Amino acid sequence: MPSRFRMTENVEPMTELTHRLIGLAIAFAGLTALYGIIDRFWPSIPGQKILRRGFRTDCVYWLWTPIVTRAVTPIAIAIAVLPLIAIFGLHFKTLAQGHGILSHQPLWLQGVEVFIVGDFLGYWQHRMFHRTRLWPFHAVHHSSSVLDWLSAVRLHPVNDIGAKLIQAVPLVALGFNLTTVALYAPITTFYAIMVHANVDWDLGPFRTVFASPAFHRWHHTKAGEGQDKNFAGGLPLWDILFGTFYLPRRQPTVFGIDDPMPAGFVGQMFQPFRRREPAPVRPSGA
């Protein structure tokens with residue numbers, strides 16, 4: 001009986017991991033086919049190969065981020081919100097259902113507000129990762145010299161977890177229902193995949209309303225004209241208000257960074273921790 005219990009206990013996590021890997025493989029195949037077709041009809045850079053430079057490294061990120069980083073992120077957020085429970089005397093169930101005035105609103109309205117507030121917080125955390133000593137972690141994401149939908153997953157865990165903390169903790173503190181906060185992450189993930197794609201969409205009349213591939217690809221350009229521009233993840237409004245909006249009609253053609261960055265996954269994990277002179281600070285407007 002004990003041995004059978006141990007066998008069951010070991011099998012269940014393995015089954016869950018297998019299902020996760022199968023799901024990721026199916027999603028990868030589907031997105032590769034989808035954007036392979038879209039890229040042919042509306043390419044930002046015509047003739048760009050699917051098996052481009054850095055493809056294998058980003059495939060590792062495709063598995064690492066949802067399996068490892070996403071497993072650590074909820075734990076980090078839970079630890080970060082513990083002071084809220086202690087200070088306000090909230091029970092976890094109360095925290096999960098929301099608290100205060102905002103929690104009495106319909107869930108759909110909370111969802112809209114979470115998207116707007118979360119995007120505002122995301123704008124400033126993104127600028128923080130560009131302008132402070134956190135840049136070496138964010139530089140990993142910007143190191144892709146060939147940009148497509150798969151480039152969206154190239155995120156150092158410190159960058160990914162830190163960004164989620166900066167967005168999620170204030171949303172929980174404000175009192176939003178945790179269901180709406182939890183749904184914000186997958187929505188922004190799929191949106192991020194779209195805006196990194198090798199397509200020339202600028203959304204036409206909505207080019208200043210919602211972030212588009214053209215908008216975000218200018219953020220990734222190596223050309224000086226696009227440096228430190230277009231930080232918003234969903235609403236260009238924040239860039240317009242704070243003077244960082246840039247969206248000419250032409251498409252960017254060069255991407256990447258001047259900072260040294262290993263080509264492989266393991267090297268990129270350790271690169272931000274290496275000591276360098278001068279101090280690794282992203283220069284403003286560089």
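These legends go with a set of close-up views of a predicted model.

**Figure 1. The whole chain, an all-helix fold.**
Start with the overview: the protein chain has 10 helices and 0 strands. Read from the N terminus, the elements go α-α-α-α-α-α-α-α-α-α. Of the 286 residues in the chain, 43% are buried. Contacts with a separation of 6 or more come mostly from far along the sequence, with 75% of them between residues 24 or more positions apart. The chain exposes about 15200 Å², and carbon and sulfur atoms supply 70% of that area.

**Figure 2. The largest nonpolar core, with Trp62 in view.**
This core has 34 residues, and the members that touch the most others are Tyr35, Trp62, Trp149, Leu150 and Ile193. Six helices each put in at least two residues: H1 (2–41), H2 (55–88), H5 (135–142), H7 (178–196), H8 (213–220) and H10 (265–270). The biggest share comes from H1, which gives 5 residues. Zoom in on Trp62 and, leaving aside neighbours within four places in sequence, you find Leu24, Ala27, Phe28 and Leu31 among its contacts. Trp149, Leu150, Val153 and Ile193 are also in contact with Trp62. A separate core of 11 residues lies apart from this one, and its members include Leu121, Val169, Leu171 and Tyr184. As a rule, nonpolar side chains in soluble globular proteins tend to be buried together.

**Figure 3. A four-residue salt-bridge network around Arg52 and Asp58.**
The structure holds 9 salt bridges, and this view takes in a few of them. Arg52 and Asp58 meet through their side chains, at 2.8 Å from N to O. Arg52 also pairs with Asp148, where the closest N and O atoms are 2.7 Å apart. Arg52 sits in the loop between H1 and H2 and Asp148 in the loop between H5 and H6, so this pair ties together parts that are 96 residues apart in sequence. Asp58, for its part, forms a salt bridge with Arg154, at 2.7 Å from N to O. Here the partners are in helix H2 (Asp58) and the loop between H5 and H6 (Arg154), so this pair too links parts 96 residues apart in sequence. Shared partners join Arg52, Asp58, Asp148 and Arg154 into one network.

How buried are these charged residues? Asp58 has a relative accessible area of 0%, Arg154 is at 4% and Arg52 is at 7%, so each of the three falls under the 20% cut-off for buried. Asp148 is buried as well.

**Figure 4. Helix H6 and the glycine that follows.**
Helix H6 covers residues 157–174, which makes 18 residues. From its first C-alpha to its last it reaches 26 Å, close to the 26 Å expected at 1.5 Å a residue. Its buried residues begin with Pro157 and then include the run Asn159, Asp160, Ile161, Gly162, Ala163 and Lys164. Further along H6, the buried residues are Gln167, Ala168, Val169, Leu171 and Val172. Val169 and Leu171 turn up again as members of the 11-residue core. Just after H6, Gly175 takes a positive phi of about 110°.

**Figure 5. Thr180 and Pro106, two spots worth a closer look.**
Thr180 is in helix H7 and is buried, with a relative accessible area of 8%. Leaving aside neighbours within four places in sequence, Thr180 is in contact with Leu107, Gln110, Gly111 and Val114. Pro106 belongs to the loop between helix H3 (92–97) and H4. At 41% relative accessibility, Pro106 counts as partly exposed. The C-alpha atoms of Pro106 and Asn177 are separated by 9.9 Å, though the two residues are 71 apart along the chain.

**Figure 6. A nonpolar patch on the surface.**
Which residues form this patch? Phe120, Trp124, Leu237, Leu241 and Phe242 do, and together they have about 440 Å² of accessible area. Helix H4 (107–131) and helix H9 (237–241) each supply at least two residues of the patch. Trp124 sits in helix H4 and counts as partly exposed, at 35% relative accessibility.

Conventions: Residues numbered from 1 in each chain as written. Predicted model: local features only at pLDDT ≥ 70, side-chain atom pairs only at ≥ 80, totals over all residues. Heavy atoms only, no water. Patch = residues over 30% accessible without salt bridge, like charges linked within 9 Å, V, L, I, M, F, W, Y side chains within 5 Å. Areas by Shrake-Rupley, 256 points an atom, 1.4 Å probe, with all protein chains shown as cover. Helix = DSSP H or I, 4+ residues; strand = E, 2+ residues; numbered from the N terminus. Buried < 20%, exposed > 50% of the residue type's maximum accessible area, 1.4 Å probe, protein only. Expected span 1.5 Å × (residues − 1). Core = buried A, V, L, I, M, F, W, Y, C linked by side-chain atoms within 4.5 Å. Contact = heavy atoms within 4.5 Å.
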